[in-house]
Amino acid sequence: MSHADFQLKGSTITVVVLDIYRYLPDSFSTQLEQKILQAPQFFANSPVLINVGKLTNDGSPVDFRLLIKQCSELGLQPVGFKGASDEFASAIADTGLASLPDSSASVRAVSFEAPEPATQADPEVQVEIKTVVQEKVVQRPSKVITRPVRSGQQVYAEGADLIVLSQVSEGAEVLADGNIHVYGALRGRALAGVYGDTEARIFCQQMDAELVSVAGNFLLSESLDESIRKQSAQVYLQDDTLKVIPL
Amino acid sequence: MAKIIVVTSGKGGVGKTTTSAAIGTGLAMQGHRTIIIDFDVGLRNLDLIMGCERRVVYDFVNVINGEASLSQAVIKDKRTDNLYILAASQTRDKDALTQEGVQKVLDELSTNYDFIVCDSPAGIEKGAQMALYFADEAIVVTNPEVSSVRDSDRILGILQSKSKRAEQGKEPIKEHLLITRYNPSRVNDGEMLSVSDVEDILAIPLLGVIPESEAVLKASNQGAPVILDSQATAGQAYSDAVQRLLGDEIGHRFLNVEKKGFFKRLLGASA
């Protein structure tokens, strides 16, 4: 079977939405430029969706090609129109850009009313630029070690948890930005939260470590309580003090 | 294709060469064409233990440098059929071993032998790394004391990370633990680590336990591998280890203090 040359997928992207209420070419251009100058980096080559759902131009026609050109000249990339009424539908279709239906209820809910034109000294055009930023937590996969970590070896899980399914020998060192789990004897050094995460913990099946550390607070083998030695234990930070308790 | 077995330990003086000689001889006695190579360039010992020191004309380094062919350098053992020895150079140092050179020699031997036993020098530097680099299996020789065990742990880490199999992401080297100079009565007295202590720390399968025995020193001085001494406990323990290396499952012997028999007790009391 041959491989397909493409794949169709649904995807969500973040774009700048330009809500336009009234279009007078000269003042639109001036006001848009002023807005962009406030954060030129942010708007550079930014895709923009032009929402004409609230556009009323007192019955006069709108030159959408000019509108697109003005946006492009200021470094934006118009990708389409949204919410076109019958009044503008054919003019927008002529521009060749996409025409999307009116926005969903969710977007409408967060958009707010245009300020009263009366309060403006020059209320000719009101441009509102709205950005929607989606934040996603990116989780790095834990680092999993299946063989013993031997004397002289060092294993570091950067930005992640470290899971050792075997032992950590005397003279070996395991480090992680997150938690450390050792499903075997921990005889070497274990340093969790090396990037300063005070919530990081160390878990092991047999505590016999040379040194344990969480976010730079460390404890040497000789400071470990004898009752915990060779028992399954966890290590965590509480009020800048390392606690080692049985599991 | 020959199976390449490295005998290594990290620490010196634990019995690597004694083990190489005994295991190599044992494999040959089982009918496998075997060659033992001494990687300890500059501190050549294997030829003495094997009793062939007077027959060394060309050595491993000569072959690597192209100064002699393998057939000129390989020494046939006089006592055991199927057994051959390639001696190290006494006048050179470890820098004489190059990866390409070692590979060339091993490749050539591979077609002719069933087993290639590499007797590693002590330490974790170039000589030791060169001995283990091409290995398929490793016999880690450990004495039951803490420093030897820790050094063995270190060499196990190097087997995992710096061997050819590790670098190429192939199936890892098969590791075997061989505990030598084991003295059950000193273990009972708490002077020595027990087999289970060592197994617990190193966490690799146990190939054998060789009891401390006067026969080992005697064999070394006479230039005859101790495995040939079937009366000695050490010789018997090495024979068991060879059987296990070849896949037989047999129980471990000599782990406990020998109970004194009636006559021994009688003699002991009267002495």
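## Exercises on a predicted two-chain model

Of the 52 residues in the largest nonpolar core, those touching the most other members are B:Phe60, B:Val102 and B:Ile116. Helix α7 (residues 146–162) of chain B supplies the largest share of this core, five residues. Keep in mind that the model is predicted. With that, let's work through some exercises.

**Exercise 1.** Work out which residues B:Val102 is in contact with, leaving aside its neighbours within four places in sequence.

*Solution.* Start from B:Val102, one of the residues that touch the most other members of the largest core. Next, set aside the sequence neighbours and list what remains: B:Phe39, B:Phe60, B:Ile64, B:Leu97, B:Met130 and B:Phe134. Finally, look beyond this core: a second, separate one has 36 residues, including B:Ile23, B:Phe115, B:Val141 and B:Ala219.

**Exercise 2.** Describe how helices α1 and α3 of chain A are arranged relative to each other.

*Solution.* First, take the geometry: the axes of α1 (residues 25–38) and α3 (residues 64–73) of chain A come within 10 Å and cross at roughly 25 degrees. Second, apply the cut-off: angles under 35 degrees count as roughly parallel, and therefore α1(A) and α3(A) are roughly parallel to each other. Third, add the handedness: α1(A) passes α3(A) in a right-handed crossing. Fourth, find the residues that meet: A:Pro25, A:Phe28, A:Ser29 and A:Leu32 on the α1(A) side, with A:Leu66, A:Leu67, A:Gln70 and A:Cys71 on the α3(A) side. Sorting the residues of this contact gives six nonpolar, two polar and no charged.

**Exercise 3.** Decide whether B:Asn62 is buried or exposed.

*Solution.* Begin by placing B:Asn62, which lies in helix α3 (residues 60–64) of chain B. Then check its relative accessible area, which is 14%. Buried means under 20%, so B:Asn62 is buried. To see its surroundings, leave out residues up to four places away in sequence; B:Asn62 then touches B:Val57, B:Glu67 and B:Ala68.

**Exercise 4.** Set out a profile of chain A and of chain B from their secondary structure, burial and contacts.

*Solution.* Take chain A to begin with: it has five helices and 16 strands. Of its 247 residues, 39% count as buried. For contacts in chain A between residues at least 6 apart in sequence, 40% join residues at least 24 apart. Now turn to chain B, with 13 helices and eight strands. Here 53% of the 271 residues count as buried. Among contacts in chain B with a separation of 6 or more, residues 24 or more positions apart account for 74%.

Terms used: Residues numbered from 1 in each chain as written. Chains lettered and ligands numbered in written order. Predicted model: local features only at pLDDT ≥ 70, side-chain atom pairs only at ≥ 80, totals over all residues. Heavy atoms only, no water. Core = buried A, V, L, I, M, F, W, Y, C linked by side-chain atoms within 4.5 Å. Buried < 20%, exposed > 50% of the residue type's maximum accessible area, 1.4 Å probe, protein only. Helix = DSSP H or I, 4+ residues; strand = E, 2+ residues; numbered from the N terminus. Contact = heavy atoms within 4.5 Å. Axes fitted to C-alpha atoms, helices over the stretch in contact; angles between N-to-C directions. Parallel < 35°, antiparallel > 145°, perpendicular 65-115°, else oblique. Left-handed = near helix turned anticlockwise from the far one by under 90°. Nonpolar A, V, L, I, M, F, W, Y, C, P; charged D, E, K, R; others polar.
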